[in-house]
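Q: I should like to learn how to read backbone angles and pocket linings in a model. Could we work through some examples together?

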Amino acid sequence: MQWLSNRIKDCLSQADKTGMNSIAIPVIGTGKIGLNAKDVAKKMFQVAVTFAQQRPQNLQKIFFMAYPTDNKSYTAFQQVLSGYKMQLYTSQQLADIFTKSVNTDKLNQKSNCRLLFKAQCNETVIPVNINVYDGMVNDAKANAIIDITALCSNHKTLDNHLGFTNYADSTHTLQSLQYQSIHSRSVYQICPYGYLAGFGTLLAHINSRGVRSVAIPLLDVEMNATDIDYLMNSIEFFMKDRLHDSNIINCFDFIIGYQDRSTEIATWIQDKIKNKDLHFKWTVVQPVSVENFGVNLYYTASDQKAIDNMKQNMAASCNTWTHHVITDEDYFNAMKPKLWYPIRLELWSKYSTIVIRQEIGNSVSIFGLETDIMETVSHIYKSSKTKVEKKAKQELQQFAAESSQWYAMINSTRIQFETKINYEIEKNYNIYCKDKTKVIFHIDADSKIVDYTNMTIKDVAKDIKCSIGKSAIQEIAIPDNWEYNKKEDITDGYYSLVNVTNIQELNKIKSMPSLKNLSITKVQRIQNWNLYRRYAIMKAEVTEAVNKYMPSAKVEQCLFHGTNKNRLAAICKKGFDRDYSGSATGCVHGTGTYFAVNAQMSQNYGDGLLLARVLTGIYTKSSDSDKPNLSIIPGSDSERVHSVVDIVSNPTMFVISSDNSAYPEYILHV
C-alpha cells in the first residue's frame, strides 16, 4: 500500500509540474495482486485529498477509473468517495450548506437592465464610458446611484412638479443633498429642482468620495434633447478638469424604464457624437438603431375658432400631470425605511412618478401623469401585499422555531437550522409522525432531502449528508416583577405597558451610574411574552457558548437604546429590528441594533429612551461599516460572536445582529 501511495503522489506532482489540469488514474492492485478494493479506494482518495489541500497550481481534476465489468471496485470507490466528500468542506461551510436556506429570491431574480447604447472616450488617463439602459435603476451595476426623487421641504408642498428641469439655481442641488447606504451601494438623494444646473457640482462631490461608476435615472418625461446636451456638456467639463487623474468617475449609466424613451435618449446622444458636437472624441461601441419619434399634428377647419376647439378637446383627452394620495396604513406598516428607498427609485425609473412618504398621517403622495400614477398605485399595493404575507409567514416560522428547535450535527457540534428550514423540517416531521410510510421529504426549494427514518439531511447539489436532531424546549418562567391577574393575560401573545410603582424596582433603575444626572419622570415596564420567550431561548444558547469558549464573558448586560418616540410602540410590539440599522445616524460599527453603556449617548439617536437586556456574550471589535460582522468565536469552528463593540478594552457601544438577542424592558421618560 505504501508503494501505491508513493506512486500516486509522484503521478499527481508530475502532472501539476507539467501544467496538466486533469489526470485519470486506473484502479491499481485489485486484480491479480489481490488487494482489498475498499483499502485501495481509501488509500487513493487519501493521497488525492491531501494533494488537493496543498492547493496545486495547475491540476484541478483527478479521475479514478474502473473497468466497466469491475463492479466490486466501482462500488468500493463510490462508498469511500461518499465519506470523503464531507472532508472537502470546513465546518463553517458545512454549517452554511445544511442549516441555511438557499436564497430563492436571488435564484429567481433576473436583471431587468438591458444595454441599448454604449460610447467610450479614450482621451483621459482612464477610458470614460457612457451607457444608456432600458430597465430598473436598482438592477444597475454602478456602485453609486443619483436619486432625484427626494423633494426638499420647500418643494414637497407643491401640487405640480412640471418644469423642474428649468429650475436655474445650481446651488440648490448640494444644499438638498442627502446620503444613504443601501445594500452596500451609495445613494445620493437630491431635490429634482435645479438638478440639471447643479449636475456638474454634484459629479465633483461624488467623485471626491471615491466613486468610480454612477447610475443616473434622470431621464424624466419632460427631458428633451437640449437637456441631454446639458448633461453631456457637464460630463465633459468634469472630464476636462481631470484629464490626468486616474481616480475619477469613469462610467455613467443613464437608465429609464420606458423602452421608447430610453431609445430616444440614446439616439440623441448618438447623434451628438456622430455630428461631432462634443469637445472630446467619443467612439460608439454599441450603437442604437435610429428611430423617428413623435408625430406631427395638422388641424384643418373652416375657421380659427373650430381649430381652437379641436386643440382644447385634444388637450383634455391627453394624459395630464396630477397627484394622488394613498393613506392605507396596513400597506405602509410593512414598508421599512431601508426598503422604501429602493422602491421609490424603482417607481421613478419605471413610471417616472415622484413618490413622497409622509411620516405624519402615514400617507404617500404620488406625482406624475394620470396613467403612470395608476400603474404606480397598483405596483405599491401588490408589493406591499407580498411583504405583508411574507412577514406573516416569517412570524409563523419564528413561532415554530421557538417551540421546536432542530439542529444539524456538524463535526460533533450542534448547529441550529435557521427558521425557514426549521419550520419545513418540523412541518414535515408532523406529517411523518402521522403517516410513517412517508419517509423522504424535499425541502428548501428541493435543494435538500430529509430522511426521518435515519434522521439525516442531504444537500442535493453537493451530494453530502449529515445527521439531524430535535432539541428539547425548556419551560420558560414569567419574570417575577411582571404584574398580571392571571397567567393567560401574559401568554395570550399581547403586550402591555405597566407603570412601574415598586420603589425597589424604581431605585434599581435610577441608581444606574449613567442615569444619575437625568431626571426620570416615569418608567414603564414592557411585558411582551412572545418577545421575552425568544430572548430567553437565545439566552440559553449564548450561555452555552460562553461557558464553552469564554467563561469570563458576561452573557447579559443592561444597556440603553435611543430611538424616535414614534418608533417606541413598534419596538414594544415586535422588538428590535436590525432593518432599521443606521436609519438615524448611519452604521459606523456595521449593520445591527446599537446599544450604549451610557444613557446620554443613546439620547443622541432620538427622543425616546429604552433600557434593554442585551446578550452581549463573546464580542469582538467592529470592522466594516454598513455590513454585518461575521467573525467566528476563537476556538470555535463555526459559531459567530454574539456582538461587536467600538472599543474592546472598554466598550461604550455594543451592536447585535440577531433581533432576539435583546429584550426592550423599560421605557424611560426623561
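A: Let us begin with solvent exposure, bearing in mind that this is a predicted model. Alanine 445 has a relative accessible area of 53% and therefore counts as exposed, the cut-off for that class being over 50%.

Q: Where does alanine 445 lie?

A: The residue belongs to the loop that runs between β16 (440-443) and β17 (448-451).

Q: What is the sign of phi at alanine 445?

A: Phi is positive there, at about 55°, although alanine 445 is not a glycine.

Q: Is aspartate 446 buried or exposed?

A: Aspartate 446 is exposed, its relative accessible area being 52%. The loop between β16 and β17 holds this residue, and its phi is also a positive value, near 65°, in a residue other than glycine.

Q: Turning to pockets, how much space lies in the second largest pocket?

A: A pocket is an open set of grid points, unlike a cavity, from which the probe cannot get out. In this model, the second largest pocket holds about 550 Å³ of space.

Q: Which residues of its lining lie nearest the centre of the second largest pocket?

A: Phe45, Ile62, Phe63, Phe64 and Leu81 do, out of 21 lining residues. At least two residues of the lining come from each of α2 (37-53), β2 (61-65) and α3 (71-85).

Q: How do the residues of this lining divide into nonpolar, polar and charged?

A: The lining of the second largest pocket has 18 nonpolar residues, two polar ones and one that is charged.

Notes:
Residues are numbered from 1 along each chain as its sequence is written. This is a predicted model: local features need pLDDT of at least 70, side-chain atom pairs count only at pLDDT 80 or more; totals for chains, interfaces and linings use all residues. Side-chain values use heavy atoms; hydrogens and water are left out. On a 1 Å grid over the protein atoms alone, a cavity is a set of points where a 1.4 Å probe fits but cannot get out, and a pocket is an open set with protein on both sides within 12 Å along at least five of seven lines; lining residues have an atom within 4 Å of a point. Grid points are joined across faces, edges and corners, and a volume is the space filled by probe spheres set on the points. Helices (H or I, at least four residues) and strands (E, at least two) are DSSP runs, numbered from the N terminus. Ala, Val, Leu, Ile, Met, Phe, Trp, Tyr, Cys and Pro count as nonpolar, Asp, Glu, Lys and Arg as charged, and the others, Gly among them, as polar. Buried means under 20% relative accessible area, exposed over 50%, partly exposed in between (1.4 Å probe, protein chains only).
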